[in-house]
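User: I'm new to this one. Can you walk me through a few parts?
Analyst: Sure, here it is.

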Amino acid sequence: MSKIATLLVLSFVIGFAAPFARGQGASYDIVIGNARIIDGSGNPWFRGSIAIKNGRIVRVGRFDNADAKHYIDAKNQIVAPGFIDVHAHTEDIYSNPKAENFVRMGVTSLVTGNCGGSDLDIGNFLGRIKETPLTVNISSLIGHNTVRSKVLGLENRAPTADEQAQMNALVDKAMKDGAVGLATGLIYLPGTFAKTEEVVELAKTASKHGGVYA
């Protein structure tokens, strides 16, 4: 059984490049060579190099590694795009902005707000990244339990037409503020009190903005 290759997370690449400095007139800032590359397209891995310029990947394939300021020998390890965790519970991400528990597993993008629980003010939640930069990309669903609690508390009943409209408005605002969809957790309070019609109306509201239903 072959040895499992270690994943090289590109988020860490720049920090490791300094010891391998080369000429200053090179075309690329960093080249990662001798790598087994998985590009995320669904194709099998292939051997090659990855060139980075101004913090962005500008070339992937077989080319001369000499034309770079810094060179990293991947030593036959796998280099892959960061993974996306679509079911995270990281509403408290700003208390741990380095998110090392995710980054060390190769996860560089998170979708939080799952199982019906999210920040109610999605605009504020996403906007905090300006004051507290994160090492990962972050997005959020709008939680049905969060919305229902705001309008009905923990009452075990169907919403009135006015209450349904209030919930629809909260979902609509969240979507306009950047939410990627609606999430329910119908085994949790107060979502367990919701009937199908209530959820459908909220999902329709999210759908108007291209949102998903999780």
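Analyst: One term to begin with: buried means under 20% relative accessible area, exposed over 50%, and partly exposed in between (1.4 Å probe, protein chains only). Also, this is a predicted model, where local features need pLDDT of at least 70, side-chain atom pairs count only at pLDDT 80 or more, and totals for chains, interfaces and linings use all residues. Residues are numbered from 1 along each chain as its sequence is written, and side-chain values use heavy atoms, with hydrogens and water left out.

User: Which residues of α6 are exposed?
Analyst: T196 and E197, on the other side of α6 from its buried residues. Helices (H or I, at least four residues) and strands (E, at least two) are DSSP runs, numbered from the N terminus.

User: And which ones are buried in α6?
Analyst: E198, V199, L202, T205 and A206. Seen down the axis, they fall within an arc of 120°, so they line one face of the helix. That arc is taken from the directions from the helix axis to the C-beta atoms.

User: What do the buried residues of α6 pack against?
Analyst: Two helices, α4 (144-152) and α5 (161-176), and two strands, β11 (181-183) and β12 (212-213). Contact means heavy atoms within 4.5 Å.

User: How far apart are the end C-alpha atoms of α6?
Analyst: They are 16 Å apart. The expected span is 1.5 Å times one less than the number of residues. For the 12 residues of α6 (196-207) that gives 16 Å, which agrees.

User: Switching to α4. How many of its residues are buried?
Analyst: 7 of its 9, so α4 is mostly covered. Among them are H144, R148 and L152. The buried residues of α4 pack against β10 (142-143), α5, β11 and α6.

User: Is N145 in α4 buried or exposed?
Analyst: Buried, because its relative accessibility is 8%. Leaving aside neighbours within four places in sequence, N145 is in contact with C115, G116, G185, Y188, L189, P190 and G191.

User: What follows α4?
Analyst: G153, whose phi is positive, near 65°.

User: New topic: what is the strand order in the open sheet of 3 strands?
Analyst: The order is β7-β8-β9, with parallel pairing. Two strands pair if DSSP finds at least two bridges between them. β7 (83-85) and β9 (137-140) are the edge strands, each pairing on one side only.

User: How many bridges join β8 to β9?
Analyst: There are 4, and β8 (residues 107-112) runs parallel to β9. L110 has I138 in β9 as its bridge partner.
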